[in-house]
Each structure stands twice: as C-alpha cells, then as structure tokens.
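Me: I am new to this structure and would love a close look at a single part. Could you take me through one helix and what lies around it?

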Amino acid sequence: MDQKENNGCGNSDNVSSGLHKINTNVCIDDSVPPVKAQSLEELHMLQQKKKSAPTTPKSSLANKMSQEDKMRQQLMSISASLASLTREKGPQMIHGDPEKAKARRQPLKPLISPRPNISDSSLKLTHVLYNLSPPELYEQAIKYEKGSFMTCTGALATMSGAKTGRSPKDKRVVREETSEQDLWWGSGSPNIEMDEQTFLVNRERAVDYLNSLEKVFVNDQFLNWDPEHRLKVRIISARAYHSLFMHNMCIRPTPEELESFGVPDFTIYNAGQFPCNRYTHYMTSSTSIDLNLKRREMVILGTQYAGEMKKGLFSVMHYLMPKRGILSLHSGCNMGKEGDVTLFFGLSGTGKTTLSTDHQRELIGDDEHCWSDNGVSNIEGGCYAKCIDLSKEKEPDIWNAIKFGTVLENVVFDEHTREVDYSEKSVTENTRASYPIEFIPNARIPCVGPHPKNIVLLACDAFGVLPPVSKLTLAQTMYHFISGYTALVAGTEDGIKEPKATFSACFGAAFIMLHPTKYAAMLAEKMLQHGTTAWLVNTGWSGGSYGVGKRIKLAYTRSIIDAIHNGSLLKANYNQTSIFGLNIPEEVEGVPAEILRPENMWVEKDVYVETLVKLAGLFKNNFLKFLDYNVGNDTKLTEQILSAGPQ
C-alpha cells in the first residue's frame with residue numbers, strides 16, 4: 001500500500017516505518033472559535049453572562065450611561081431605601097450572591113466607598129440580589145432556606161413559618177396629618193391606629209435586621225396594568241421565597257424599564273423572620289404589620305406569611321387610587337368576545353373564582369382591580385389561589401398553572417415522589433399557590449379592558465331565602481355593596497347546624513382605607529356614567545336553610561351568568577319580593593322557573609317568612625354602624641342607601 005489516500009477530511013502521511021498514518025475521518029469545524037476558559041469556574045461564569053434580550057426601546061438617558069454608572073445609581077437608590085433614620089445612612093451595597101463572590105478569583109470592588117466612622121454595620125457589605133429570575137430564586141431557596149423543595153410538577157413548595165395566614169389584629173396604620181382626615185377610623189374599621197414614633201421604632205428594627213444580613217433580595221416592580229396610573233413598588237426581603245412570590249404577584253418590568261425605574265412610590269421592608277418588641281407602644285404580640293402613608297412605607301415584623309405583602313399593597317391602592325378619582329375594587333373580572341366586561345364581587349365560598357373563570361371569556365384578573373376613566377385594569381401581575389382540596393376536574397386552570405415558577409405555600413407532599421396532597425390540612429387549611437397570570441391560558445395580556453357592562457354581587461345564602469338572581473337598582477347596589485353579605489355554615493352544636501351571617505364592607509373590609517360609603521358613591525357614579533347593570537346572585541341554598549334545603553346547582557348559576565352576559569336577562573319580566581324589595585325575573589333559560597322565587601321551594605311557608613325576617617334584621621343591625629356617616633357635605637346619601645335595604 002504505497003498509494004496515498006485522501007478522503008477530503010484529512011490526509012494520510014508516510015511515516016518513517018513506511019506505513020501510512022491511520023485516518024480518523026474526523027472533520028474539524030473551525031467556524032466557531034473555542035471557548036476561552038482556563039477552568040470550570042471561568043466556564044460557569046461565561047455561562048451566566050448572557051443578558052436578556054431587550055423588549056422595549058432603551059431611553060436616550062439609559063444609552064448615555066455606562067453599565068457601571070447604571071449599577072452605581074441602582075445600588076445608591078437601594079442603599080437610600082435601607083437608610084437608618086438614626087444614622088441617616090444605608091448599608092454599603094454590592095451586586096451578587098456572596099457565595100458566588102467568594103468563589104471568584106478577584107474580590108468584587110464596592111461601588112460605594114465604605115464609611116467606617118458611621119457604625120459597625122458600615123464596615124460590612126450587603127449583597128443585593130436584585131430582581132432575580134425564577135430559576136435563580138429557586139436555587140437560592142432550595143440551597144439556603146429550610147423547608148423549600150421542588151415538587152413533581154416543578155413548583156417551589158415552601159413554608160411560611162408559624163403564621164400561615166394574615167394577622168389583621170396586628171396590622172397598624174399611622175395616624176398622621178396628611179391622611180388622618182381621609183381614613184376610616186373607629187367601630188367597624190380595619191384601620192387600627194399607631195403613632196409616627198412607634199412606626200419609626202419598628203422601621204428601625206426592620207432596617208437594622210436587614211442590614212445585618214449578608215444578602216438581601218430586592219424587587220422593583222409595578223402595580224396596575226394601566227400605564228397611566230401604575231405605581232412603582234420596591235420590596236426588600238430576606239427570603240428568596242418572598243422575592244419569588246412578589247415576582248409573581250406584581251407586574252414584571254422589562255430590563256429597560258428597570259434601568260429607568262428611579263425612586264419607588266412605595267417600599268416594603270419585610271423583616272418577617274425578626275419579631276417586633278412586644279413592649280413597644282401599640283404592640284399586642286410579636287407580630288406587627290405597619291403602614292405609613294405619608295412616608296409611603298410598610299414594615300413587616302414577626303410573620304413570614306407572604307400574603308401580608310400582597311394585601312398590604314392592596315390597602316395602599318385603596319387609599320391612593322380614590323384620591324385620583326379611580327375606584328379600587330376587591331373583585332374578579334373577565335371580558336367576552338364582544339368586549340363586554342363583568343366584575344364579580346364575593347366573599348370566600350361564594351364562587352367568585354369559579355364563575356369569573358370562563359373558557360368562553362378572557363380573564364382580566366381574579367382578585368384586585370381599578371376602574372378609571374380609561375376602563376378597568378388589573379392591579380396585580382399574578383394570581384393567589386387557594387389549594388385546599390384542589391382537583392384537576394374542578395379547577396383545571398389552577399391545577400395546570402402549578403408548574404415551574406409557581407410558589408406553593410404550606411402544602412404537604414410525598415417525600416420521595418414530591419407529589420402534593422391537596423386534601424392534606426396538617427399544616428393549615430389555608431394552602432395557597434402564587435403564579436403569574438400568564439399561566440392561565442385565557443388570560444388577557446395586558447390585563448386591561450373597557451368599562452364594565454355588568455356587576456355581579458355573589459352571596460352564598462345558607463339561610464335559603466334570597467332568590468338565585470335579582471336585578472338591583474342603583475341604591476340597592478350601593479346597599480348590598482356596602483353590606484358585603486354571605487352566610488357560612490356554623491360548626492355543629494348538639495347535632496344542630498345553623499347558618500351564620502357574615503358581612504364584609506365592599507366585599508373586602510380588611511383592606512379598605514376609606515369609609516365604605518365613599519367607595520359605594522364612586523361605584524354608583526361610574527355605573528351611572530357608563531350604564532352598568534348590577535345583579536345579586538345567590539349561590540347558596542334553596543327550599544330551606546342549610547341542613548333542610550339543597551344548594552343551588554352550579555349548572556343553574558352558570559345559566560344565570562350566561563343570561564346576564566348574552567343580555568337576555570335584561571329583557572325578562574320582573575316581579576318584586578317583599579321585605580328586601582328585590583326584582584326577580586319570571587324566567588331564565590336553563591333554570592326551572594319555580595326556584596326563581598324562594599318561597600315556592602319551601603314546604604313550611606311560615607318558617608320561610610320567619611327566616612326571611614331574621615335575615616333582614618341581621619342586615620339592618622350590620623348597617624347601624626354606617627347610619628351617622630356622611631360622604632362630604634351630602635347628608636342624604638346614607639339615607640338613600642338605607643332606604644334600599646330590607647324594610
């Protein structure tokens with residue numbers, strides 16, 4: 001074999017032995033230069049250097065600034081947010097995870113020079129983990145937070161600690177001169193006052209705790225999908241779980257929006273792992289959630305339940321938005337193919353989530369909305385769904401949304417398979433899932449819509465005396481909106497179960513800041529302006545109270561909602577009931593006519609009348625706390641609303 005061979009990928013050369021060199025037939029592709037890394041550490045650093053692609057045009061100011069200047073400006077802003085009031089200085093900030101920083105060959109140089117003459121805390125650097133992505137937050141949570149695991153569907157399961165729900169009795173609002181005259185104080189109000197000095201004591205305690213940590217998580221995000229009225233919020237927390245929760249629940253800025261974010265409109269200091277001092281004035285436990293509307297700040301101590309942040313910001317919106325002439329609402333919202341929007345109000349167990357989730361309609365939001373001159377807009381960027389007894393058959397959208405990026409709070413799962421048991425209540429019944437609204441297939445993005453055509457007030461009446469549906473007058477809408485009624489089934493006592501009436505003003509009394517009649521007056525004004533129709537829909541019992549009657553079939557309720565949406569219910573003939581004076585349609589397609597009038601379904605008519613009178617009395621007693629309140633100079637408004645109640 002003395003003939004040379006050439007296969008196009010390499011040559012066979014003669015060697016000194018006279019034998020040909022073996023050709024491996026391997027083609028060398030030199031069109032891409034090799035990675036210039038001398039170690040695995042360098043290779044991993046290169047892996048993480050790629051930036052997200054821009055989604056919006058960069059501002060001219062952002063283009064003129066160097067990357068170092070942008071970073072310095074951002075860190076100075078965060079340092080100012082964490083400034084101690086006694087020293088008027090914030091911590092020395094530096095970007096990145098301290099564990100990764102230790103692995104680098106060259107130590108990171110601080111962008112703000114240390115000031116050792118201030119205090120010991122100034123001698124250390126606080127690492128800022130700024131607007132991390134879900135994968136980065138997963139890594140932080142699973143590696144550093146006990147009780148954080150990935151489930152079989154990819155969701156992050158975590159624990160909120162001793163508190164597995166909100167602590168409304170520990171929530172405080174600073175009584176100060178800029179908001180004092182606007183806020184609702186006294187009987188029935190959720191606003192428990194504290195003074196400015198006590199707030200500053202708690203703020204200092206939270207800030208000192210956060211400054212003592214080696215790293216803090218910072219989220220800069222938005223509230224309200226309406227760009228004309230959106231709010232910039234900053235959340236500073238100690239846990240990756242809290243950062244991922246707020247990443248889901250607030251509106252996520254683009255990289256370019258972050259570059260020009262600037263000073264936030266409101267800041268949350270979540271030091272929930274650290275307790276408040278119980279001997280501090282106004283404190284009743286080691287937990288305190290404090291709002292200061294003048295400083296635009298919120299402090300959380302002694303509770304790691306993430307829902308406190310969500311609802312705290314909702315309270316802020318309930319104060320700031322009405323001052324702009326925008327109505328803030330605790331409601332679900334969807335939109336039909338013709339652009340018709342419906343708002344759904346209802347307390348827990350009334351079917352608000354189920355009925356507002358309609359595959360024939362787009363979901364604008366499930367919980368918090370604003371109604372401005374531009375139409376309706378979702379306040380949030382995500383959903384916070386209850387998980388107890390969740391099933392794929394009953395709630396397929398929520399079930400399918402529990403995937404990578406979702407936070408699961410306080411659920412129980414199999415140690416080996418990581419499969420969640422949603423029926424398990426050993427930690428709490430208040431198990432929750434937080435996920436971006438994009439995880440819902442028919443979500444409308446951006447989450448905005450035109451003015452509502454219909455408003456549905458949902459009540460689960462366990463007394464069994466309210467009709468399945470009634471059309472409300474404007475005054476009746478205000479009355480029932482302020483009342484916020486539903487009836488829960490009480491616990492068993494000597495084998496007897498009785499309904500228990502529950503009233504929550506504006507269907508969200510725990511979060512409103514102004515007197516309920518102010519929100520009701522704004523609602524009436526907007527309904528008049530845009531020709532909106534309101535309906536009272538009972539999803540509770542018929543033919544008797546709980547234990548005697550039967551719950552109204554979901555199929556009937558869906559037919560009622562369909563009739564509202566297609567406009568056929570507006571054309572129906574109506575009759576008025578006694579006592580409550582409700583207008584009941586004579587027929588609804590898909591619903592038996594006899595159940596539309598509650599008395600038809602009761603065997604004992606005298607018991608029906610007795611129960612109806614009892615419920616009317618509960619409504620009247622609940623409304624007593626609103627009788628002496630005037631909205632502005634209009635002394636007749638409360639009287640007008642009262643006359644629309646049961647007589």
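Reply: Happy to; here is a walk along helix 14 and its surroundings.

A word on the basis: this is a predicted model, in which local features need pLDDT of at least 70, side-chain atom pairs count only at pLDDT 80 or more, and totals for chains, interfaces and linings use all residues. Residues are numbered from 1 along each chain as its sequence is written, and side-chain values use heavy atoms, with hydrogens and water left out.

Helices (H or I, at least four residues) and strands (E, at least two) are DSSP runs, numbered from the N terminus. Helix 14 covers residues 554-566, which makes 13 residues. From its first C-alpha to its last it reaches 18 Å, close to the 18 Å expected at 1.5 Å a residue; that expected span is 1.5 Å times one less than the number of residues.

Now for the buried side of the story. Thr557, Ser559, Ile560, Ile561, Ala563, Ile564 and His565 are buried in helix 14, where buried means under 20% relative accessible area, exposed over 50% and partly exposed in between (1.4 Å probe, protein chains only). An α-helix has 3.6 residues a turn, so residues three or four places apart point the same way.

What covers these buried residues? The cover includes strand 13 (332-335), strand 14 (341-345), strand 24 (452-459), strand 25 (469-472) and strand 28 (533-538). Helix 10 (352-356) is also part of that cover.

Finally, look just past the end: right after helix 14 comes Gly567, with a positive phi of about 90°.

Terms used: Contact means heavy atoms within 4.5 Å.
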